[in-house]
Amino acid sequence: MIKNIKTINDFNFNNQIALLRVDFNVPVNKYYKIIDDTRIQYTIPTIQKIISENGKVILISHFGRPKGIPSERDSLKFLIPFLSKKLKKTINFCENCIGENVKKQINELKNGEILLLENLRFYKEEEEENKNFAFELSKLGNIYVNDAFGASHRSHASITILPKFFGEKKCIGFLMQKEIKFLNKFLSKKNNNPITILLGGAKISSKIDIIENLIDFADYILIGGGMSYPFIKINGGKIGNSIIENNNKIEKILKIIFNKCQKKNILHLPKDVIIANSFKNTKNTKIVPIHSIPNGWMGLDIGPASIKYFCDIIKKSKTILWNGPVGVFEFSNFSLGTRSIAKIIAQTTEKGAFSLVGGGDSIASLKMEGYDKKISYLSTGGGAFLESLKNKILPGIKAIKK
Ligand code: AMP
């Protein structure tokens with residue numbers, strides 16, 4: 001997937017200022033406690049290499065969706081104590097990303113020290129892929145390192161434009177290397193059959209192209225959660241009030257996918273579902289065949305027959321990819337399907353299969369049950385992970401290549 005790309009090992013950072021683009025957009029609870037720190041963990045070796053070689057580290061990241069408007073809520077300040085503890089170092093912080101104030105703080109920074117800049121998205125120019133903003137950022141360091149896999153599918157200033165100002169002095173960090181290595185490993189598993197891909201979640205529009213891409217690659221494509229209802233509906237099934245993201249484009253692609261998959265017989269939908277008559281964590285539920293959900297009711301988890309059906313396929317697989325919960329796992333009454341999937345993937349991996357899991361929700365459900373350590377690789381990118389599966393080079397990786 002990537003050739004001719006410099007990695008962090010191609011540089012010595014002695015006396016250098018590394019402008020390190022990270023993805024610290026971690027999920028937090030209302031007290032700003034980090035729920036999943038995988039993205040930070042994977043990037044720690046990159047920071048450590050730079051400081052151990054006596055370089056300065058300038059950390060740049062986005063957080064949340066402030067849309068160009070600075071606020072306490074989306075400030076990166078909450079990360080200071082967490083990073084200090086992880087790195088056993090003082091973390092300096094600057095409330096700006098560009099301008100004299102930042103430059104002054106960088107001048108005062110000693111080799112081996114770290115400066116975290118405020119949220120890049122406090123500047124609307126970041127998401128607008130603005131050249132001047134990228135140019136101003138480029139003045140802050142002399143080696144650009146991209147370790148923000150989770151943001152590398154975005155055409156944003158710090159991802160696609162900023163590296164252009166660094167000539168040969170740009171590279172990817174250890175997190176990025178790891179992501180690419182495991183995605184390549186997955187894509188090269190052509191002979192390690194059966195290959196099973198399980199897609200769940202709610203947003204079919206973000207995953208539909210991938211299905212088309214993976215038809216020739218996979219042996220089994222399992223569709224669960226909110227993703228399954230458009231497939232059921234197009235087949236004439238009754239889905240009641242279940243979630244459905246539908247438009248003409250989706251319908252057209254769905255038909256194509258259906259026809260292609262039917263020839264190969266690789267598309268597998270849930271058999272039964274657990275339904276409720278409102279979107280809440282209720283115990284007032286019924287189990288019905290997925291094609292006959294009554295009006296006023298909605299499918300919120302896969303049922304026992306579907307769990308068995310999906311688990312039997314996963315059990316015999318040698319290569320497994322999972323993205324997206326098969327139900328509203330945030331509600332305990334509708335989490336059994338997703339927890340069962342997490343468990344069987346962990347168990348099958350222990351027996352020697354290769355498993356790749358991406359997307360915050362799937363990782364969160366693995367962690368709920370303590371299965372995360374058993375998976376071959378947890379990808380830190382949701383959208384970026386799915387985009388990579390289309391066998392396309394992400395914009396952020398392409399920008400390092402040039
Ligand atoms: P996505 O971002 O597309 O991966 O969607 C993840 C979300 O899908 C989670 O928050 C789940 O609660 C939701 N989800 C999964 N299954 C269903 C369902 N049957 N009905 C409504 N939402 C669902």
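These legends walk through several close-up views of a predicted model.

**View 1. An open sheet of 6 strands, paired in parallel.**
Welcome to the sheet, where the strands line up in the order S10-S8-S7-S15-S16-S17. Strand S10 (267–268) and strand S17 (377–379) stand at the edges, and because each has a single partner strand, one side of each is left without a neighbour in the sheet. If you are tracing the order by eye, the pairs shown in the next two views are good places to begin.

**View 2. Strands S7 and S8 side by side.**
Here strand S7 (residues 195–199) runs parallel to strand S8 (residues 220–223), and 4 bridges link the pair. To find your place, look for Leu 198, which has Leu 222 of S8 opposite it.

**View 3. Strand S15 and its partners S7 and S16.**
Is strand S15 (residues 319–323) buried or exposed? Being buried means having under 20% relative accessible area. Of the 5 residues in S15, 5 are buried, so the strand is largely enclosed by the rest of the structure. Thr 319, Leu 321 and Asn 323 point one way from the strand, while Ile 320 and Trp 322 point the other way, and all are buried. S15 pairs with S7 in the parallel sense over 5 bridges, and Ile 195 has Thr 319 as its bridge partner there. The pairing of S15 with strand S16 (residues 354–358) is also parallel, over 5 bridges; in this case Ile 320 is matched with Ser 355 in S16.

**View 4. Strands S11 and S14, an antiparallel pair.**
This view turns to strands that run antiparallel: strand S11 (residues 272–276) is joined to S14 by 4 bridges. Ala 276 has Met 298 of S14 as its bridge partner. Strand S14 (residues 298–302) is mostly covered, with 5 of its 5 residues buried.

**View 5. The ligand and the residues around it.**
Which residues come nearest to the ligand? Of the 15 around it, they are Ala 202, Lys 203, Lys 207, Gly 299 and Glu 330. A polar side-chain atom of Lys 203 sits 2.8 Å from an oxygen atom of the ligand. Two glycines appear here through their backbones: a backbone N or O atom of Gly 299 is 3.0 Å from a ligand nitrogen atom, and one of Gly 226 is 3.2 Å from a ligand nitrogen atom. On its own the ligand has 510 Å² of accessible area, and the protein covers 85% of that. The shell around the ligand is made up of 6 nonpolar, 5 polar and 4 charged residues.

**View 6. Thr 348 in helix H12.**
Helix H12 spans residues 336–350 and includes Thr 348. Thr 348 is buried, with a relative accessible area of 6%. A polar atom of the Thr 348 side chain lies 2.6 Å from the backbone oxygen of Ile 344. Beyond residues up to four places away in sequence, Thr 348 touches Ile 314, Lys 315, Ser 317, Ile 320 and Ala 353. You may recognise Ile 320 from strand S15.

**View 7. Lys 6, ahead of strand S1.**
Lys 6 lies in the segment before strand S1 (17–21), and it is partly exposed, with a relative accessible area of 30%. Its side chain makes a polar contact with the side chain of Glu 168 at 3.1 Å. Outside its neighbours within four places in sequence, Lys 6 is in contact with residues including Phe 11, Lys 170, Cys 171, Ile 172 and Ile 400. The C-alpha atoms of Lys 6 and Ile 223 are separated by 38 Å.

Conventions:
Residues numbered from 1 in each chain as written. Predicted model: local features only at pLDDT ≥ 70, side-chain atom pairs only at ≥ 80, totals over all residues. Heavy atoms only, no water. Pairing = 2+ DSSP bridges. Near = heavy atom within 4 Å. Polar contact = N/O pair within 3.5 Å; in protein donor to acceptor, adjacent residues only side chain to side chain. Areas by Shrake-Rupley, 256 points an atom, 1.4 Å probe, with all protein chains shown as cover. Nonpolar A, V, L, I, M, F, W, Y, C, P; charged D, E, K, R; others polar. Buried < 20%, exposed > 50% of the residue type's maximum accessible area, 1.4 Å probe, protein only. Contact = heavy atoms within 4.5 Å.
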